Amino acid sequence: MRIVRTKRGLRLLENDVILSELLAEPGPTHCLFDVLAACVAALAPGPRFALLGFAGGGVVAPLRAMGFPHPIEAVDLDPSGEALFRGLSGAWAGDVRVERMDAVDWLARGGAPFDAILEDLSVPGRETTVKPKASFLGLPALVKARLSADGIAVTNVLPEPGGSWDALVEPVALPHARATVVELDEYENRVVIGGSGLPETPDLARRVRRALDAIGSVQARRISFKSRH
């Protein structure tokens, strides 16, 4: 992991992929993390939120700026990003709990259902940073099983050399009664939103863009939405 200082905080990179954008105060990152945060802030039906793959907590600054006050329960195998996060953002971040554990094991141990689960896991690949295999195998069904009745799952899907977007998105969307895919003008990533109680895609898009506009994020007009099923 490489750490780069920015005017507003720190950037964590791996294979030139941004793992986290850490800010010294709540506000927009003007990148992918705003979109991930907006999906949670705009669509979660309740306060219980889980983050799989904390890294440096890139979603926390936009999430808090959007007025999401609830505890964040997170998991990550690498504690180094959390230490940087605590030093830079700990004073204003609110209740953020991070466990050092495998995300699948963490979810599988059970407990009260979550209203939103954000899956932002990644691992180093041969050429670039990719999703772990579990993100396309057992994890999507496990995420669905750990959601409340109207809970939502938000997954940051990374491109993979030789992999088609259909092959990467489908296993993530499949467990859910409804799914919408967010495409970003500036990033290859896709964001998959799944859930039984998702609003129709035009309404969903309005809610997410409204959350982005509320913090002045440039991403509000740099994303598009497509219904998956």
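This note goes through the empty spaces, the nonpolar cores and a few single residues of the structure.

1. A word on the model comes before the details. The structure is a predicted model, and the values in the points below should be read with that in mind. Rolling a probe the size of a water molecule over the atoms shows where empty space is left.

2. Enclosed spaces come next. The structure holds two cavities of 30 Å³ or more, and the largest of them has a volume of about 70 Å³. Its lining is made by I117, E119, S135, L139, P140, V143, A153, V154, T155, V172 and H176. If you wish to find this cavity by its secondary structure, look to β7 (114–119), α5 (139–145) and β10 (147–157), each of which supplies at least two residues of the lining. Sorted by class, the lining of the largest cavity has seven nonpolar residues, three polar ones and one charged one.

3. Two residues of that lining deserve a separate look, beginning with S135. S135 is found in the loop between β9 (129–130) and α5, and because its relative accessible area is 1%, under the limit of 20%, S135 counts as buried. The side chains of S135 and E119 are joined by a polar contact of 2.9 Å, and both of these residues belong to the lining of the largest cavity. Leaving aside neighbours within four places in sequence, S135 is in contact with E119, L121, P140 and V172.

4. The other residue is T155, which lies in strand β10. T155 is buried as well, with a relative accessible area of 8%. Once its neighbours within four places in sequence are left aside, T155 is in contact with E119, K131, V172, R190, V191 and V192. E119 and V172 appear among the contacts of S135 and among those of T155, and both of them also line the largest cavity.

5. The second largest cavity has a volume of about 30 Å³. The residues that line this cavity are L19, S20, F33, L51, G53, F54, G57, G58, V59 and D120. By class, they divide into five nonpolar, four polar and one charged.

6. Open spaces are treated apart from the cavities. About 870 Å³ of space lies in the largest pocket, which is lined by 42 residues, with L19, L121, S122, V123 and T129 lying nearest its centre. Two or more residues of this lining are given by each of β2 (9–14), β3 (17–23), α1, α3 (80–89), α4 (103–108) and β8 (123–124), and the largest share, three residues, comes from β3. The lining of the largest pocket divides into 24 nonpolar, nine polar and nine charged residues. L19 is also one of the residues that line the second largest cavity.

7. The second largest pocket has a volume of about 160 Å³. Its lining is formed by V123, P124, G125, R126, E127, T128, V130, K131, P132, K133, E160 and P161, and by class these residues are five nonpolar, two polar and five charged. V123, which belongs to this lining, is also one of the residues nearest the centre of the largest pocket.

8. The nonpolar cores can be read alongside the spaces. The largest nonpolar core has 46 residues, and those with the most contacts inside it are F49, V154, V191, I193 and V208. Helix α1 (residues 32–43) gives the largest share of this core, nine residues. A second, separate core of 14 residues includes V75, L121, L139 and V143. Of these, L139 and V143 also help to line the largest cavity, as does V154 from the largest core.

9. V208 is a useful residue to select when viewing the largest core. Leaving aside its neighbours within four places in sequence, V208 is in contact with A38, C39, A42, L43, I223 and F225.

10. Finally, two residues stand out by their backbone angles. D16, in the loop between β2 and β3, has a positive phi of about 65 degrees although it is not a glycine, and D16 is exposed, with a relative accessible area of 62%. H30, in the loop between β3 and α1, also has a positive phi of about 65 degrees without being a glycine. How exposed is H30? With a relative accessibility of 30%, H30 counts as partly exposed, because this class covers values between 20% and 50%.

Conventions
Residues numbered from 1 in each chain as written. Predicted model: local features only at pLDDT ≥ 70, side-chain atom pairs only at ≥ 80, totals over all residues. Heavy atoms only, no water. 1 Å grid on protein atoms, 1.4 Å probe; cavity = no way out; pocket = protein on both sides within 12 Å on 5 of 7 lines; lining within 4 Å. Points joined across faces, edges and corners; volume = space filled by probe spheres on them. Helix = DSSP H or I, 4+ residues; strand = E, 2+ residues; numbered from the N terminus. Nonpolar A, V, L, I, M, F, W, Y, C, P; charged D, E, K, R; others polar. Core = buried A, V, L, I, M, F, W, Y, C linked by side-chain atoms within 4.5 Å. Buried < 20%, exposed > 50% of the residue type's maximum accessible area, 1.4 Å probe, protein only. Contact = heavy atoms within 4.5 Å. Polar contact = N/O pair within 3.5 Å; in protein donor to acceptor, adjacent residues only side chain to side chain.
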